[in-house]
Amino acid sequence: MLKKEINFDRFVRGLIFVAVVTALYFLVTYLSPVLIPFVVAWALAYMLYPLVSFFQYKCHLRYRLPSVILTLVVVFGAIGLLVYLFVPQFVSELMHLKDVAIAYVSGGAGADSLPKVVSRFLQEHSDKLQIEKILGEKDVMSGLKIAVPKAWSLLLSTANVIVSVLSSLIALLYLVFFLCDYDRVQKGWIRFVPKSNRDFARKVMADIDAGMSGYFRGQALVALANCVLFSIGFLILRFPMPIALGVFIGIISFVPYVQLLGFVPATLLAILCSVDTGRNFWMLMLGVIAVYCVVQVLQDSLITPHIMGKILGLRPAVVLLSLTVWGYLLGIIGLIIALPLTQLLISYYRYYIVGDPLDSDHEKQK
């Protein structure tokens, strides 16, 4: 592979390119509140397009708009069904646990079943956090009004409500437009690229599409499997709100290693369960750790290899570094796109700097 000589003209062009990229970064950061509905709609359209394509081509619908409408009906119908089935039970359990928390904070009911260290910590911090005052209200929302009046007034301000509704409607409109014009956008973006760079741009976009689609859809299936496994594990433990907790941990596991944050609500629920039923707190936490270990073993040995295959092939240290850097630069969006972008950058580094052909990596993955 011939290396091009770096002259003054090429150096200046490189500086201009870096300046443009930096300016774009700061511009996107500044406009991020406006761009969020656009980005969310684009991501949803990217994931829902296979379903739209199925309805249009496999079910032989003549026009794209009916396929888009049918897709949205199916998606929102599935979400509505899940809410109808699980939210009432979740609210009922939540109200019961709230009563348990009130009895414990106000009168120390069930404190004997908790370890002294945990009980002392809760008693010391309950006054600072105004937990009894919050839980003593008729509902949690009324308690929040007292605890955080500024945040509550801001949340209920007319302007905020209007902006939230408009943002949702705009995101929905973006989603409909993206799904209707998906093929046109997918094929027409190349016209905005100079003719001399179109072959390279097509190759880059093809690699990005292959990496992103494989990663996102594979990771979504892994997260769904984690939802089921964690829910089953907490049901076996007879844990409070097992399905809600399992679904929460499964959803956040879409981003690698973030599922460890599930220990926070699991610990709170273990405390309330111990106070309510008298079960040993440490045994409950040991059960939570066991569920995590079993699910992690199943995920690493069976689920991820079969679903993800060798799509990424990144070392654990590289994964952690990638999540840290991209998360710092782009926040939650950076955490989501960190691994496929890192894989793409490494592949192009090997191709353009080291000189290894890109095809060799693809052949190894097959």
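Where does Thr71 lie? Thr71 sits in helix α3. We'll come back to this residue, but let's start with the whole chain, keeping in mind that this is a predicted model.

## The chain as a whole

The protein chain has 16 helices and zero strands. Of its 366 residues, 31% count as buried. The accessible surface adds up to about 24,100 Å², and 72% of that belongs to carbon and sulfur atoms. If you take contacts between residues at least 6 apart in sequence, 63% of them join residues at least 24 apart.

How far can you trust the picture? The mean pLDDT of the protein chain is 75, and 72% of its residues reach 70 or more. Among the elements, helix α11 (residues 242-252) has the highest mean pLDDT, at 89, while helix α16 (residues 358-365) has the lowest, at 44. Over residues 359-366, pLDDT stays under 50, and the model has six contacts beyond four places in sequence for this stretch. Where pLDDT is low, the predicted coordinates should not be read in detail.

## Two nonpolar cores

Now for the inside. The largest nonpolar core has 26 residues, and those with the most contacts inside it are Phe230, Phe234, Phe239, Leu245 and Phe281. The elements that give two or more residues to this core are α3 (64-107), α10, α11, α12 (263-277) and α13. There is also a second, separate core of 14 residues, which includes Ala223, Val255, Ile337 and Leu339.

Take a look at Phe281 and who it meets. Leaving aside residues up to four places away in sequence, Phe281 touches Ser113, Leu114, Pro115, Val118, Thr267, Ala270, Ile271 and Ser274.

## A few residues up close

Back to Thr71. Is Thr71 buried or exposed? Thr71 counts as buried because its relative accessible area is 0%, and the cut-off for buried is under 20%. The side chain of Thr71 reaches the backbone oxygen of Ser67 at 2.8 Å. Setting aside residues up to four places away in sequence, Thr71 touches Leu48, Leu51, Val52 and Phe55.

Next, head over to helix α13 (residues 281-308), where you'll find Tyr292. With a relative accessible area of 6%, Tyr292 is buried too. Again skipping residues up to four places away in sequence, Tyr292 touches Phe230, Ile249, Gln259, Leu260, Gly262 and Phe263. One of these contacts is with Ile249; Tyr292 and Ile249 are 43 residues apart in sequence, and their C-alpha atoms are 10.0 Å apart in space.

Gln299 is also found in helix α13. What does the side chain of Gln299 make a polar contact with? The partner is the side chain of Asn226, at 3.1 Å. Gln299 counts as buried because its relative accessibility is 10%.

For a pairing across a long stretch of sequence, try Thr29 in helix α1 (residues 8-30). Thr29 and Leu329 are 300 residues apart along the chain, yet their C-alpha atoms are separated by 9.9 Å. Thr29 itself is partly exposed, at 44% relative accessibility.

## Odd angles in one loop

Most residues other than glycine have a negative phi. Two residues here go the other way: Arg238 has a positive phi near 55°, and Met241 has a positive phi of about 50°. Arg238 lies in the loop between α10 (198-236) and α11, and Met241 lies in the loop between α10 and α11 as well. Their surroundings contrast, though: Arg238 counts as exposed at 60% relative accessibility, whereas Met241 counts as buried at 9%.

## What about the cysteines?

A disulfide is a covalent bond between the sulfur atoms of two cysteines. How many disulfides does the count come to? The count comes to zero disulfides. Two cysteines appear in the table below, next to other residues you've already met.

| Residue | Relative accessible area | Class |
|---|---|---|
| Thr71 | 0% | buried |
| Tyr292 | 6% | buried |
| Met241 | 9% | buried |
| Gln299 | 10% | buried |
| Cys59 | 38% | partly exposed |
| Cys293 | 42% | partly exposed |
| Thr29 | 44% | partly exposed |
| Arg238 | 60% | exposed |

Definitions and conventions
Residues are numbered from 1 along each chain as its sequence is written. This is a predicted model: local features need pLDDT of at least 70, side-chain atom pairs count only at pLDDT 80 or more; totals for chains, interfaces and linings use all residues. Side-chain values use heavy atoms; hydrogens and water are left out. Helices (H or I, at least four residues) and strands (E, at least two) are DSSP runs, numbered from the N terminus. Buried means under 20% relative accessible area, exposed over 50%, partly exposed in between (1.4 Å probe, protein chains only). Contact means heavy atoms within 4.5 Å. Accessible areas come from the Shrake-Rupley method with a 1.4 Å probe; for residues, only the protein chains shown count as cover. pLDDT is the predictor's confidence in each residue, from 0 to 100. A disulfide is a pair of cysteine sulfur atoms within 2.5 Å. A nonpolar core is a set of buried Ala, Val, Leu, Ile, Met, Phe, Trp, Tyr and Cys residues joined through side-chain atoms within 4.5 Å. A polar contact is a pair of N or O atoms within 3.5 Å; within protein, one must be able to donate a hydrogen and the other to accept it, and residues adjacent in sequence count only if both atoms are side-chain atoms.
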